[in-house]
Amino acid sequence: MSYYSISEVANMLTNSSRSRLVTPDRVWQWIKNEGLRAERAPDNIRVGSRPYLIAETDLIVFLQEKDWDIDSIFPVQ
């Protein structure tokens with residue numbers, strides 16, 4: 001299972017859509033207010049000012065509920 005930092009999620013979403021700018025602050029608001037699940041990162045992993053990681057499966061479910069195009073964000077390999 002893959003995990004993403006808040007910054008990585010913001011970058012992935014912004015890169016997948018030219019019409020939407022997603023900031024790390026917006027992702028943080030999703031975690032705090034809208035139910036996006038995140039786990040505190042272990043102390044030996046540096047992930048930025050907000051040390052949380054988001055599981056890919058949780059992110060996909062959350063984004064599907066928000067009508068994001070999952071196929072463009074997570075292309076089949």
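Is aspartate 58 buried, partly exposed or exposed? With a relative accessible area of 24%, aspartate 58 is partly exposed. The structure is a predicted model. This briefing covers the packing of helices α1 and α2, the salt bridges, and two individual residues, aspartate 67 and serine 5.

**Packing of helices α1 and α2**

- Helix α1 spans residues 6-16 and helix α2 spans residues 24-33; their axes lie 8 Å apart and form an angle of about 110°.
- The two helices, α1 and α2, are therefore roughly perpendicular to each other, since angles of 65 to 115 degrees fall in that class.
- The crossing of α1 and α2 has a right-handed sense.
- On the α1 side, the contact is made by Ile6, Ser7, Val9, Ala10 and Leu13.
- On the α2 side, these residues are met by Pro24, Val27, Trp28, Trp30 and Ile31.
- In composition, the contact of α1 with α2 comprises nine nonpolar residues, one polar residue and no charged residue.

**Salt bridges around glutamate 34**

- The model contains four salt bridges by the rule applied.
- One of them joins the side chains of arginine 26 and glutamate 34, with an N to O distance of 3.0 Å.
- Arginine 26 is partly exposed, at a relative accessible area of 36%, and glutamate 34 is likewise partly exposed, at 35%.
- Glutamate 34 also forms a salt bridge with the side chain of lysine 66, at 2.9 Å from N to O.
- This pair connects distant parts of the chain, 32 residues apart: lysine 66 belongs to the loop between α3 (56-65) and α4 (70-73), and glutamate 34 to the loop between α2 and β2 (39-40).
- Lysine 66 counts as partly exposed, its relative accessibility being 29%.

**Salt bridge between aspartate 58 and arginine 37**

- The side chains of aspartate 58 and arginine 37 form a salt bridge with an N to O distance of 3.8 Å, which qualifies because the cut-off is 4 Å.
- Here too the pair links distant parts of the chain, with aspartate 58 in helix α3 and arginine 37 in the loop between α2 and β2, 21 residues apart.
- Aspartate 58 is partly exposed at 24%, whereas arginine 37 counts as exposed, at 57% relative accessibility.
- Through shared partners, salt bridges join Arg26, Glu34 and Lys66 into one network.

**Backbone of aspartate 67**

- Aspartate 67 has a positive phi of about 65°, although this residue is not a glycine.
- The position of aspartate 67 is in the loop between α3 and α4.
- At 64% relative accessibility, aspartate 67 counts as exposed, because the class begins over 50%.

**Surroundings of serine 5**

- Serine 5 is part of strand β1, which covers residues 3-5.
- With a relative accessibility of 7%, serine 5 counts as buried, because values under 20% are assigned to that class.
- Leaving aside residues up to four places away in sequence, serine 5 touches Val47, Tyr52 and Leu53.

How values were computed. Residues are numbered from 1 along each chain as its sequence is written. This is a predicted model: local features need pLDDT of at least 70, side-chain atom pairs count only at pLDDT 80 or more; totals for chains, interfaces and linings use all residues. Side-chain values use heavy atoms; hydrogens and water are left out. Axes are lines fitted to C-alpha atoms, for helices over the stretch in contact, and angles run from 0 to 180 degrees between N-to-C directions. Helices (H or I, at least four residues) and strands (E, at least two) are DSSP runs, numbered from the N terminus. Angles under 35 degrees count as roughly parallel, over 145 as roughly antiparallel, 65 to 115 as roughly perpendicular and the rest as oblique. A crossing is left-handed if the near helix is turned anticlockwise from the far one by less than a right angle, and right-handed if clockwise. Contact means heavy atoms within 4.5 Å. Ala, Val, Leu, Ile, Met, Phe, Trp, Tyr, Cys and Pro count as nonpolar, Asp, Glu, Lys and Arg as charged, and the others, Gly among them, as polar. Buried means under 20% relative accessible area, exposed over 50%, partly exposed in between (1.4 Å probe, protein chains only).
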